Amino acid sequence: MKPDLFEAPDYYNLDDLLTEEHKLIRDAARAWVKRDVSPIIEQAAQDAKFPKSIIPGLAEIGAFGPYIPEQYGGAGLDQISYGLIMQEIERGDSGVRSTASVQSSLVMYPIWKYGSEEQRNKFLPKLASGEFMGSFGLTEPDHGSNPSGMVTSFKDMGDHYLLNGAKLWISNSPFCDVAVVWAKNEEGRIHGLIVERGMEGFSTPETHNKWSLRASATGELIFQDVKVPKENLLPNKSGLGAPLGCLDSARYGIAWGAIGAAMDCYDTALRYAKERIQFGKPIAAFQLQQKKLAEMITEITKAQLLAFRLGQLKNEDRATSAQISMAKRNNVEMAIKIAREARQMLGGMGITGEYSIMRHMMNLESVITYEGTHDIHLLITGLDITGENAFK
């Protein structure tokens, strides 16, 4: 087991823009990743098992609903703090960050924003502590980029709702205690429902044989005449805008998280380039390797500035969906390109589990697709700047 020697690049002194609280929160998350994630994550990925032992640690560093008010068990932090935590967790592994992102932005966020006070008090404290784990059901086998076409539906049966349908590619589903599920009522209006483990007809089979996010649990949500109590309907927002609001929060976290993966690949490649001797000198002394490293740090720095400014806008409640899409798309593309370049710098060693690069590269192949594909985010920007809808 190799020691975690990671040193975070900060070429433009971005630390000067952070508050002392920001730095304390980030450093606590960074120390936790080094201590509790790095030593086990390669084996977890090889075994294709989510390491459930880290759930209490994720809760301890505030990774579950960091911006949720303290009265509901959250840490009451700002959006930049949330981003920094996601950055550090994804520096460890994208799959672990996915677990935290789903819990925070796709489960706790809708219950906080769209739920009743009773729902907030019942679910949020247990989700914040990790006692409950959650999943988010929007994507269906035949409806990914077009969620409005969903066929999962529920009927009003008088004293309860009857839910039928299926959701696919759901992080955390195999072990979730609650699922925030989006379904159409009899009028075709989309609503959120809180489905709880143990409800008859509710099952969560796991998806196997993944080459990506292997240390994250992925599965399905299947509903066969599931009786959902009426008090489990999210009452304060309906329509497609409700789940899309959750995705905005998750995409924001991804924009920060991808920087962490890129930083880890860059740091690994830089250290390796200084130590690897070829033709009598370190490969860091060769022009082509310097070009790769210089371009990596340039792109990381640009992504850091983009994410920080977006965090300021989020704190002021001024960030638009299109701005979030731009940051998600740019930063994930940046990270996957850096992973590929870093892998080449390490040569054959880059494909082994002795280094983190190949794992990051495989993970990022999922990150570039989920929460809106790379192309969909491009069209969101196109719609925003032209006013012309290219989706139809």
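Which residue in β4 does Gly137 stand opposite? I looked, and the partner is Val181. One thing to keep in mind from here on: I am reading a predicted model.

**Entry: strand β1**

I stayed with the strand around Gly137. β1 covers residues 134-137, and four bridges tie β1 to β4, residues 178-184. The two strands run parallel.

Then I checked the faces of β1. Gly134 and Phe136 sit on one side, Ser135 and Gly137 on the other, and all of them are buried. So both faces of this strand are covered. A reminder to myself: side chains in a regular strand alternate between the two faces of the sheet.

**Entry: Val102**

What does Val102 touch, beyond its neighbours within four places in sequence? I found Val107, Gly134, Ser135, Phe136, Ser171 and Asn172. Three of those names I already had from β1: Gly134, Ser135 and Phe136.

Val102 itself lies in helix α4. I have it down as buried, because its relative accessible area is 7% and the cut-off for buried is under 20%. I also took the C-alpha distance from Val102 to Phe136: 6.8 Å in space, with their positions 34 residues apart in sequence.

**Entry: a pair with the opposite habit**

Next I wanted residues that are separated in space. I picked Ser321 and Gly348, which are 27 residues apart along the chain, and their C-alpha atoms are 41 Å from each other. Ser321 belongs to helix α8. Ser321 counts as partly exposed, at 39% relative accessibility.

**Entry: strands around β7**

Which way do β3 and β7 pair, parallel or antiparallel? Antiparallel, over nine bridges. β3 takes in residues 160-171 and β7 residues 218-229. I noted one facing pair here: Leu162 stands opposite Lys227 of β7.

β7 has a link to β6 as well. β6 is residues 202-203, and two bridges join it to β7, again antiparallel. Here Ser203 is opposite Ile222 of β7.

**Entry: helices α7 and α9**

α7 runs over residues 287-315, which makes 29 residues. I get 42 Å from the first C-alpha to the last, close to the 42 Å expected at 1.5 Å a residue. Just past the helix, Asp317 has a positive phi of about 60 degrees.

In α9, residues 357-367, I listed the buried ones: Ile357, Arg359, His360, Met361, Asn363, Leu364 and Val367. What do they pack against? My list reads α1, α3 (79-92), α4 (94-114), α6 (241-275) and α8 (321-345). Val102's helix, α4, is on that list.

**Entry: two positive phi values**

Ala48 is not a glycine, yet its phi is positive, near 55 degrees. I placed Ala48 in the loop between α1 (20-47) and α2 (55-60). It is partly exposed, at 34% relative accessibility.

Phe279 is another non-glycine with a positive phi, about 55 degrees. Its loop is the one between β8 (277-278) and β9 (281-282). Is Phe279 buried or exposed? Exposed, since its relative accessible area is 78%.

**Entry: cysteines**

How many disulfides are there in the whole structure? My search gave zero. A disulfide would be a covalent bond between the sulfur atoms of two cysteines.

Why is Cys176 not bonded to Cys246? The sulfur of Cys176 has its closest cysteine sulfur in Cys246, but 16 Å away, so they are too far for a bond. Looking from the other end, Cys246 is in no disulfide, and its nearest cysteine sulfur is that of Cys176. Cys176 is buried, at 0% relative accessible area. Cys246 is buried too, also with 0%.

**Entry: the whole chain**

I finished by stepping back. I count ten helices and nine strands in the chain. The radius of gyration is 21 Å, close to the 21 Å that the globule rule gives for 392 residues, so the chain is as compact as a globular protein of that length. Its C-alpha trace spans about 80 × 45 × 40 Å along the principal axes.

Of the 392 residues, 56% are buried. The exposed area of the chain is about 17000 Å², and carbon and sulfur atoms supply 51% of it. I also looked at contacts between residues at least 6 apart in sequence: 75% of them join residues at least 24 apart.

Key:
Residues numbered from 1 in each chain as written. Predicted model: local features only at pLDDT ≥ 70, side-chain atom pairs only at ≥ 80, totals over all residues. Heavy atoms only, no water. Expected span 1.5 Å × (residues − 1). Buried < 20%, exposed > 50% of the residue type's maximum accessible area, 1.4 Å probe, protein only. Pairing = 2+ DSSP bridges. Rg over C-alpha atoms; globule rule 2.2 N^0.38 Å. Contact = heavy atoms within 4.5 Å. Areas by Shrake-Rupley, 256 points an atom, 1.4 Å probe, with all protein chains shown as cover. Disulfide = S-S within 2.5 Å.
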